[in-house]
Amino acid sequence: MATIVEIAVGNENFQTLVTAVKVANLVDVLNSPGPFTVFAPVDAAFAQLPPGTIQTLVQNTPQLARILKFHVVPGIWKKADLVGVDKLTSVEGSVIPINASNGKFEAKNATVIMPDVEADNGVIHVIDRVMLMGLAIGRL
Amino acid sequence: MTTATLNPPNTKIPPSTHEFAEVIHRLEAGGSMLPDTPENLMQIIGIYKAYAVPMDFYWRDLLYIAERVFLNPLPAFKYFLPQEYLDLHNHYAGDTADLRIWRGEATAHPELLEFMAKGEMKQNLPKIFHHLWHDRINMEFAEECMRAMLWHRGMGGQFDPYLDTDEYKANADRAIRAYFKGNPIMLGLYKAFPDMFYEQVRQLSYYANLGLFWEIMAPVFFEMSDIYDEGGFKGVPDAMNFLVNGIFAIAGRPIYHHVYIDGECYEIIPKSKGFTWLYEAALPYVEAVFYRTSPFRGTKSYNAQANQVPSDQKDFHYGILYADVFPVGSAGIPPTLLMQDMLHFLPPYLLDYYKQYCRGDDDMLIQLGITFQRSMYNVTSAVIQALRTALLYPLDDQDPDHLMANRQFFEAQMDRFKRPEARLRNIQSQDYR
């Protein structure tokens, strides 16, 4: 098998993600033994973001790294493990709401389009939308 | 999200039964809390322009105070911007921009420079005379917004918790010692009362935070005014969507606090902390300034027995979305400062408009204040739509569960306007002026 980064590099649907991970200097982290659960947005997910968003993030690597770390959870969480789990805490520190019941598999407002891609150092769930950190309920 | 056309009202979920169902359905169709009329569009764009010019001063001076004036115990000249900060390049305007939002220049706006030179008196006098004659930009308003952010604290993001960490104190300590090097009195005071100094530095970090926030909003508003002049906006939703896209484009810009002492840069909050414009500046700003602020001295009693002022900060409702604008110009009404600043930079079409209504020239401060309130409802709509985009689902999503989640989010936001002071009802009608 291959590491999380190697799998992403080998798949043509993750070119934006791979570039972002490289720019943010997270390659070594995601190649480390981990293990990690990564929610990996496909290129089309990045393309949904309004123009300029990526440009600003690529210019500012700590900020880009923070967004990417929000997509990584420590430990291995497969789809089957997540039934009945309503949230995970990301490496960034914020909470990712999870909905893996009633035939759905959603992380925050993203839908998992390909679950349980296994890697040497963790598992990848492919998602259709870039996740952005949430805020406490009741506030803006 | 970038599309200008309104989506047809969705029929996949039943209509809302909320008090503000009409507004909610409009938001769900891609609209704004502010009704889409040409008159509203003209008003809000005109006031964005009038707001952006003093804002161009505010952000420069906020950064100047945070970075250079720093802990000066007698900052008598903190509103006297040095040329260096007038020439400072806005990161989002001009040819050198990181991401060009406004096509104009990166240095201070020409109308601002002209006002600073000649003022209302239209005379070239030394700065100090304009200042003493109160013929100037009311920078105290910007500081009041900063203090609202500082005092309300804890409104999301990682910026505020960071101010209480040992790491932050160590960074502040280095800068404090460098700043007062060779000043045994201040160093002695610092030794005796370190927390007093840390708290001052925290306030200065909020100066930087707000300065970096407004550095974005000024070019956004200038560009919107230019687009409107070119005939580029077809309606209020277009103007709102421009703001939504602007919010996303800039969301990741770093928020930091650097201090320059004897030519050396002290990073009190380094860029490497990963603090972002959206989470650490924009959203706390909207909560602190649009919603909460503090009760106007002229409209509420602070008497503890009278119980007029809530005991919980989260229940504060004295921001522009709730403000009674009619007493603007009288004592104890802080937004008067901003209204007076905007008065100097109104575009001609807005001046003509105000002359036709109410008391014409005489109550222009109030008329423009109400326009400003409308425009801030549109900005808040953009923030709500941006959050919905970031945290929830597209408006044309096919899954009814997703549409229901959007609905609940919009309803929760509108709940905040149920209280009688909220002006959401008023701005639905053109008669409110």
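In this predicted model, Thr53(A) counts as buried because its relative accessibility is 6%, and buried means under 20%. Thr53(A) belongs to helix 5 of chain A. Leaving aside neighbours within four places in sequence, the residues in contact with Thr53(A) are Phe248(B) and Ala249(B), so a reader following this threonine outward arrives at chain B. One of these two partners also takes part through its backbone: the oxygen of Phe248(B) is reached by the side chain of Thr53(A) at 3.3 Å.

From this one residue, the view can be widened to the whole meeting of the two chains. Here 26 residues of chain A are in contact with 40 residues of chain B. The size of an interface is often given as the accessible area lost when the parts come together. For chain A and chain B, the area buried between them is about 2700 Å², with 55% of it on carbon and sulfur atoms.

Charged and polar pairs also join the two chains. Between chain A and chain B there are 3 salt bridges. In a salt bridge between Lys104(A) and Asp399(B), the side chains meet at 2.9 Å, N to O. Polar contacts link 16 residue pairs across the two chains, counting pairs with both residues at pLDDT 80 or more. On the side of chain A that touches chain B, the elements giving two or more residues are helix 5 (53–59) and helix 6 (61–69). Helix 5, the home of Thr53(A), gives the most to this side, with 5 residues. Sorted by type, the residues on this side of chain A are 8 nonpolar, 11 polar and 7 charged.

Within chain B, Arg374(B) invites a closer look. This arginine lies in helix 15, which spans residues 364–391. Arg374(B) is buried yet has no salt bridge. How far away is the nearest side chain of opposite charge? That side chain belongs to Glu39(B), 7.1 Å away, whereas a salt bridge calls for a distance within 4 Å. A polar atom of the Arg374(B) side chain does, however, lie 3.1 Å from the backbone oxygen of Ser429(B). Beyond its neighbours within four places in sequence, Arg374(B) is in contact with residues including Leu34(B), Asn40(B), Gln43(B) and Ile44(B), and also with Ile427(B), Ser429(B), Gln430(B) and Tyr432(B).

Another helix of chain B completes the picture. Helix 12 covers residues 277–292, and 16 of its 16 residues are buried. Thr293(B) follows this helix and has a positive phi, near 40°.

Technical notes:
Residues are numbered from 1 along each chain as its sequence is written. Chains are lettered from A and ligands numbered from 1 in the order in which they are written. This is a predicted model: local features need pLDDT of at least 70, side-chain atom pairs count only at pLDDT 80 or more; totals for chains, interfaces and linings use all residues. Side-chain values use heavy atoms; hydrogens and water are left out. Helices (H or I, at least four residues) and strands (E, at least two) are DSSP runs, numbered from the N terminus. Buried means under 20% relative accessible area, exposed over 50%, partly exposed in between (1.4 Å probe, protein chains only). Lys and Arg count as positive and Asp and Glu as negative; His and the chain ends are not counted. A polar contact is a pair of N or O atoms within 3.5 Å; within protein, one must be able to donate a hydrogen and the other to accept it, and residues adjacent in sequence count only if both atoms are side-chain atoms. Contact means heavy atoms within 4.5 Å. Buried area is the accessible area (1.4 Å probe) that two parts lose on being put together, summed over both. Ala, Val, Leu, Ile, Met, Phe, Trp, Tyr, Cys and Pro count as nonpolar, Asp, Glu, Lys and Arg as charged, and the others, Gly among them, as polar.
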